[in-house]
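Visitor: I should like to go through this model with you, beginning with how its elements are named. Could you start there?

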Amino acid sequence: MFDPDIAPSGTLLGLLQRGRGDGTLHALAAPRAEALAALNDSVLRDPRRDWQVENRSLYYARLYMQLDGGLEEIERHLFHPDDRTDTGEERTGLALAVLGHLAAYGRDAARLLLRSYAAVGSNWRWALDELALRDDDAGLMSLAPAVLARFPETEQGRADLATAVRDAFEPRPWRLWAEDPRYGPRLAAAGEQGSFDRWQRQLRPRGPRPGWGVTEVLRWAEQGLELEDAEHRYLAAARCLAAVVGPDDRPELLRAARSGPDAARAVVLHHLAERGDPDVLDLIEAAVTCPFSSESLITAGLAAFERMRSVAAVERARGWAPRTDRLGASAAAVLARRGTQRDAELVLAALRRTVREEGPDAAGLWELVDGTGRLGVACAAPVLRHIYRETSSSHLRGRAAAALAATDPGFAAGFAVECLWDCEETTRELAARHAATGDDRVVEQLRRLAADPAEEAEVQTAVRSRFGPDASAV
C-alpha cells in the first residue's frame with residue numbers, strides 16, 4: 001500500500017514523514033532524543049512522493065528550532081562520500097532547504113554549513129540559491145573563488161559557466177560577482193554566450209514549417225518519439241494541427257483517428273476533443289478500449305476526454321462511470337469536476353473502489369476527493385478521513401482536508417486543529433479559516449503563524465480574518 005520507506009501513519013516517524021500537523025505535536029510531547037532521531041531520518045531520507053512540489057522544509061526547520069536540534073547529522077549527510085557519486089538533487093535538496101530556513105531564523109551554524117557545502121558539494125547550485133536569499137554580500141563574495149574554480153578556462157568550462165549563469169534560479173550571487181573586477185570580464189563573457197545560445201536555438205527550429213498541412217503535421221508527430229517525450233510531441237502537434245486544419249480536412253482527420261498510427265490518432269483525438277466534434281466520444285472509446293492500443297494512445301485519449309466540458313461529455317461520463325476499467329475511472333473524474341448532485345453516488349462509489357483496490361495513494365484519488373467536497377457528499381467523510389490519515393502525499397491530504405471541511409461537521413474541532421501545524425501552506429490556510437478557537441492550542445498557534453516572518457502571506461491573511469479589526473494584536 002505504501003512506499004517501503006514510509007513508516008506506518010500511527011508512528012512518530014510516519015507522521016513526520018507525511019508532514020502531518022500531529023507529527024509536530026507528537027514530537028514535542030515525545031522524549032527529545034526520539035523526536036530528533038525521527039526528524040533527522042525524515043530530513044536525510046526525503047520521504048516525499050514528489051520532492052519537486054511537496055513542502056517539508058519549513059515544517060522540519062520549525063521543528064528543529066522548537067527542539068533546539070543540532071545540525072551534526074545533516075552535516076554528515078551532506079559531506080558523506082556518497083555526495084561525489086550520487087549527485088541527484090533529491091539526495092541533498094531537502095536538507096539544504098531546511099538549512100536555508102534555519103539560516104533565515106538566525107541559525108548562523110546553518111548559514112556556515114551552506115557556505116561550506118556550496119564550496120565543495122555536488123549540489124552546490126541549490127546551496128548557492130539558498131544563500132542568495134539569506135546571506136550577506138560578504139558571505140556570497142567569499143564563495144566566488146570556489147564556485148568559479150569549478151569551471152576551468154577551457155572551451156567546455158566556458159560553455160558550462162555560460163549555462164550556469166543563464167540557468168541560475170537566483171541570479172544575485174552572479175550579479176554580485178560580475179561587479180568585481182577580478183571576475184567581471186569572465187562573467188560578462190559567460191552572459192553574452194548564454195544570450196548567443198538562446199539566439200542560435202531560435203534560428204534552428206525543429207518544428208513544423210510554413211506550408212505544412214494536416215498530412216505533414218501528422219507525419220511529424222510520428223518522428224523523433226524516441227528522442228522526445230510522447231506527450232510533449234503529440235500536444236505540440238495538436239497545436240500545430242489547429243493552425244493548419246480547414247473545413248475540408250475533417251474526413252482525413254476521422255480516418256487518422258480510426259486507423260492511423262497511434263501517435264497520429266493521439267494528435268487527432270486531442271484536436272477533435274478540443275472542438276467538441278460529434279464523433280470524438282465514440283473515437284475515444286474505441287481507442288481506449290481496444291486491446292491493441294499503445295499506452296501512449298490510451299493516455300492521450302483519456303486526457304482528451306477529461307478536458308472536454310460539453311454537456312455531451314458529461315452525459316457520456318454518466319454511462320461510463322460504473323465501468324471498473326480506466327475509462328470508468330476517467331469518467332468518474334469528469335463527473336467529480338463537472339457533474340451535478342445527481343452524480344454524487346457515482347463519484348462516491350468510484351472513490352471507495354479506488355481506495356479499496358489501489359490504496360490511499362492512488363493517482364486517481366485527487367479528482368474524486370475534490371469532487372466529493374464540491375458535491376458535498378456527507379457520507380464520504382469516513383473514507384476521506386482514512387485518506388487524510390494514511391496518504392503519504394501531503395498535497396492529497398490537503399485536498400482531503402478541504403473536502404472534509406465541506407462534508408464533515410466535526411472538522412473544525414478535529415482535523416482542522418492539527419492542520420494548523422501541517423507542512424503545506426494551503427492546508428494551514430484552510431485550518432486558519434476553520435479551526436475552532438475553543439482549544440487554547442489553536443489561539444496560540446494562530447498567533448504564532450501571524451508573527452512568523454517565514455509564514456506565507458495567504459496563511460497570515462487567513463489568520464487575521466479570524467480576529468477582525470484587531471488582527472494586529474494577535
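Guide: Helices here are DSSP runs of H or I with at least four residues, numbered from the N terminus. With that naming, G70 is placed in the loop between α4 and α5 (72–78). Please note that this is a predicted model.

Visitor: Is G70 buried, exposed or partly exposed?

Guide: G70 is partly exposed, because its relative accessible area is 29% and that class lies between 20% and 50%.

Visitor: And which residues does G70 touch, leaving out those up to four places away in sequence?

Guide: With those left out, G70 touches Y64 and R107. As for L36, it is 34 residues from G70 in sequence, and their C-alpha atoms are 8.8 Å apart in space.

Visitor: Stepping back, how many helices and strands does the chain have?

Guide: The chain has 29 helices and zero strands. Its C-alpha trace spans about 70 × 65 × 45 Å along the principal axes. Of its 474 residues, 49% count as buried.

Visitor: What share of contacts join residues at least 24 apart?

Guide: The share is 65%, taken among contacts between residues at least 6 apart in sequence.

Visitor: Let us turn to the interior. Which residues touch the most other members of the largest nonpolar core?

Guide: They are F305, L351, V369 and L420, in a core of 88 residues. Helix α17 (residues 262–274) gives the most to this core, with seven residues. There is also a second, separate core of 54 residues, which includes L94, L99, L113 and A127.

Visitor: What does F305 touch?

Guide: Apart from residues up to four places away in sequence, F305 touches L281, I284, A313, A317, W320, S330, A331 and V334.

Visitor: You mentioned α17. Is R265, in that helix, buried or exposed?

Guide: R265 counts as buried, because its relative accessibility is 10% and the cut-off for buried is under 20%. Leaving aside neighbours within four places in sequence, R265 is in contact with A256, A257, R258, G260, A287, S293 and L297.

Visitor: Some of those belong to α16. Which residues of α16 are buried?

Guide: In α16 (residues 250–259), the buried residues include L253, L254, A256 and A257. Seen down the helix axis, the buried residues of α16 fall within an arc of 160°, so they line one face. The face turned away from that buried side carries the exposed residues R255, R258 and S259.

Visitor: Now the pockets. What is the volume of the largest pocket, and which residues are closest to its centre?

Guide: The largest pocket has a volume of about 850 Å³. Of its 35 lining residues, A97, W126, D129, E130 and F169 are the closest to the centre. The largest share of the lining, eight residues, comes from α8. Among the other elements that each supply at least two residues are α4 (57–67), α6 (89–104), α11 (155–167) and α27 (425–434).

Visitor: What is the make-up of that lining by class?

Guide: The lining of the largest pocket has 16 nonpolar, six polar and 13 charged residues.

Visitor: And the second largest pocket: what is its volume, and what lines it?

Guide: The second largest pocket has a volume of about 410 Å³. It is lined by 17 residues, of which R326, A329, S330, A363 and G364 are the closest to its centre. The elements giving two or more residues to this lining are α19 (295–307), α21 (326–338), α22 (344–358) and α23 (365–375). By class, the lining of the second largest pocket has five nonpolar, four polar and eight charged residues.

Methods: Residues numbered from 1 in each chain as written. Predicted model: local features only at pLDDT ≥ 70, side-chain atom pairs only at ≥ 80, totals over all residues. Heavy atoms only, no water. Buried < 20%, exposed > 50% of the residue type's maximum accessible area, 1.4 Å probe, protein only. Arc of directions from axis to C-beta. Core = buried A, V, L, I, M, F, W, Y, C linked by side-chain atoms within 4.5 Å. Contact = heavy atoms within 4.5 Å. 1 Å grid on protein atoms, 1.4 Å probe; cavity = no way out; pocket = protein on both sides within 12 Å on 5 of 7 lines; lining within 4 Å. Points joined across faces, edges and corners; volume = space filled by probe spheres on them. Nonpolar A, V, L, I, M, F, W, Y, C, P; charged D, E, K, R; others polar.
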